[in-house]
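Q: I'm new to protein structures and I'd like a close look at just one thing: the aromatic rings and what sits around them. Take me through it slowly, please.

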Amino acid sequence: MTLVEARTPDPKKFIKGATGDWEIVIGMEVHAQVTSQSKLFSGASTEFGNDPNDNVSLVDAAMPGMLPVINEECVRQAIRTGLGLKAEINLKSVFDRKNYFYPDLPQGYQISQFKQPIVGEGIIYLDMPEERVEIGVERLHLEQDAGKSLHDQHPSMSFVDLNRSGVALMEIVSKPDIRSSDEARAYLTKLRTILRYLGTCDGNMDQGSMRADVNVSVRRPGEGFGTRCEIKNVNSIRFVGQAIEYEARRQMAILEDGGTIDQETRLFDAAKGETRSMRSKEEAHDYRYFPDPDLLPLEFTQAFVDDLAKDLPELPDEKKARFVQDWSLTPYDADVLVSEKVSADFFEEVANGRDAKLAANWVINELFGRLNKEGLELGTSPVSAAQLGGIVDLIKAGTISGKIAKDLFEIVWTEGGDPAQIVEDRGMKQVTDLGAIETVVDEIMAANPDKVEQAKEKPNLVGWFVGQVMKASKGKANPQAVSDMLKQKIGVE
């Protein structure tokens, strides 16, 4: 990773140590599995969950005489990702051999890209609570994954599963622009969202299709970069935050005691919430990179890139801006809705032709809240976009009150059906007959003369009367009509 200073120190992000303030400097190398049916240099399947060594071709197993052949779809996916990251696309790149030995690396080297990657510098924007932060992307290169060593299958032997061997990875390297664990989590979340919108990686960290190597160092504010330690293969966004917090404190304690930081590779132990040493850090030259003699340089035209750019979907930042401008949503609500493409699409279906703010409220608070409570995904929601839109229509038309709408939502959630028909069949319509409402209003005012007098001095107490009328009418009275009538009868504005 090229270390270039890009951000000015921000005191709000400093960490208090025993001897003064410290600043965390973080860079990330994210390995994202390319969404493709076959591997980077072979026709073997990339399907997840198959039995060990089911997805292995002779190329993946490094049998003698087997030559790699580039998968054009993986190249397309890398370019599309680069375009989504607002990055420079290099029309010529080179595949290199990265030489190291490990039992699950049959060739004895990994085919990767070193000095000439397929994608150059890009940008990811983070909308943090207090500011918008710009995180630079150093590069994106294509490489093949290694297999997996299994150490828990036999008491004295390790087994090797080569299903992942040769699977296409995009290594996306950030610049050292991240300054807190919150920013690191936000960066990884935003990157995963972009990849999912593009359809270039499914982002399923629990399946290993997205993993993060996190480089952490600390320094006194205003000083140069400190010695960094790399935390390998962190497989959840939450663990990334925990690993950074622990590692920064560990390094601060060593430096404040007069020690020095050893550059090394570390692992994060999620059970203990701590990092531990894995090995001393190898420098790039230890891998003896050289261009792979079996693969020609990868070259394509600008027209090829332009054709891919034409088909890019609307990405999260653009979609959020449109939701705020066209739908008049708050930035917070827009953020929630665009965090997953399926959520944004669902909302747009509900909001189309309707009150968008009201639709957003029901999608975020009622539907998403209930899905979270039940542990369900949006794709398995018992309430469809059409049904939720129907509820919004009934509220907007004044057919039902907010209280009745919540009861109606519960019925649709548990029983299904057309909201309008349910309201009709079950007599759930809001009472707008002023004569019927007036009788209830008069009764409640007669029963509470002291509160009537108080309301004349404190008009806010009208809300209490509205609540009593709504309770007496079992939520069927129109709250606005009730409020207007009470103000008239009590004599307040």
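A: Let's go through the ring pairs, then the charges over the rings, and finish with a small sheet. Keep in mind that this is a predicted model: local features need pLDDT of at least 70, side-chain atom pairs count only at pLDDT 80 or more, and totals for chains, interfaces and linings use all residues. Residues are numbered from 1 along each chain as its sequence is written, and side-chain values use heavy atoms, with hydrogens and water left out.

Searching the whole structure turns up eleven aromatic pairs (rings of Phe, Tyr and Trp, the six-membered one for Trp, with centres within 6.5 Å; planes under 30 degrees apart are stacked, over 60 edge-to-face, the rest tilted). One of them joins tyrosine 287 to tyrosine 289: the centres are 6.0 Å apart and the planes make an angle of 75 degrees, so this pair is edge-to-face. How does each partner sit, buried or exposed? Tyrosine 287 has a relative accessibility of 15%, so it counts as buried (buried is under 20% relative accessible area, exposed over 50%, partly exposed in between, with a 1.4 Å probe and protein chains only). Tyrosine 289 comes out at 22%, and therefore counts as partly exposed.

Now hop over to another pair, made of tryptophan 362 and phenylalanine 409. Their centres are 6.1 Å apart with 55 degrees between the planes, and that makes the pair tilted. This one ties together distant parts of the chain: tryptophan 362 belongs to helix H8 (residues 356-374) and phenylalanine 409 to helix H10 (residues 402-415), with the two positions 47 residues apart (helices are DSSP runs of H or I with at least four residues, strands are runs of E with at least two, and both are numbered from the N terminus). Tryptophan 362 has 5% relative accessibility, so it counts as buried. Phenylalanine 409 is buried as well, at 4% relative accessible area.

Back to the tyrosines for a moment. Tyr287 and Tyr289 belong to a cluster, where ring pairs link them with Tyr100 and Phe114.

Some rings have a charge for company too. Look at tyrosine 287 again: lysine 98 lies over its face, at 4.4 Å from the ring centre (NZ of Lys or CZ of Arg has to be within 6 Å of the ring centre and within 35 degrees of the ring normal). Tryptophan 362 has a lysine as well, since the charged end of lysine 406 sits over its ring, 6.0 Å from the centre.

Last stop: the sheet. Three strands make up an open sheet, in the order S5-S4-S15, and the pairing is antiparallel (two strands pair if DSSP finds at least two bridges between them). At the edges you'll find strand S5 (109-112) and strand S15 (290-291), each pairing on one side only. Strand S4 (residues 96-99) is joined to S5 by four bridges, and the two run antiparallel. To see one partnership for yourself, pick out aspartate 96: its bridge partner in S5 is serine 112.

So if you want one residue to start from, try tyrosine 287: it's buried, it pairs edge-to-face with tyrosine 289, it belongs to the cluster with Tyr100 and Phe114, and it has lysine 98 lying over its face.
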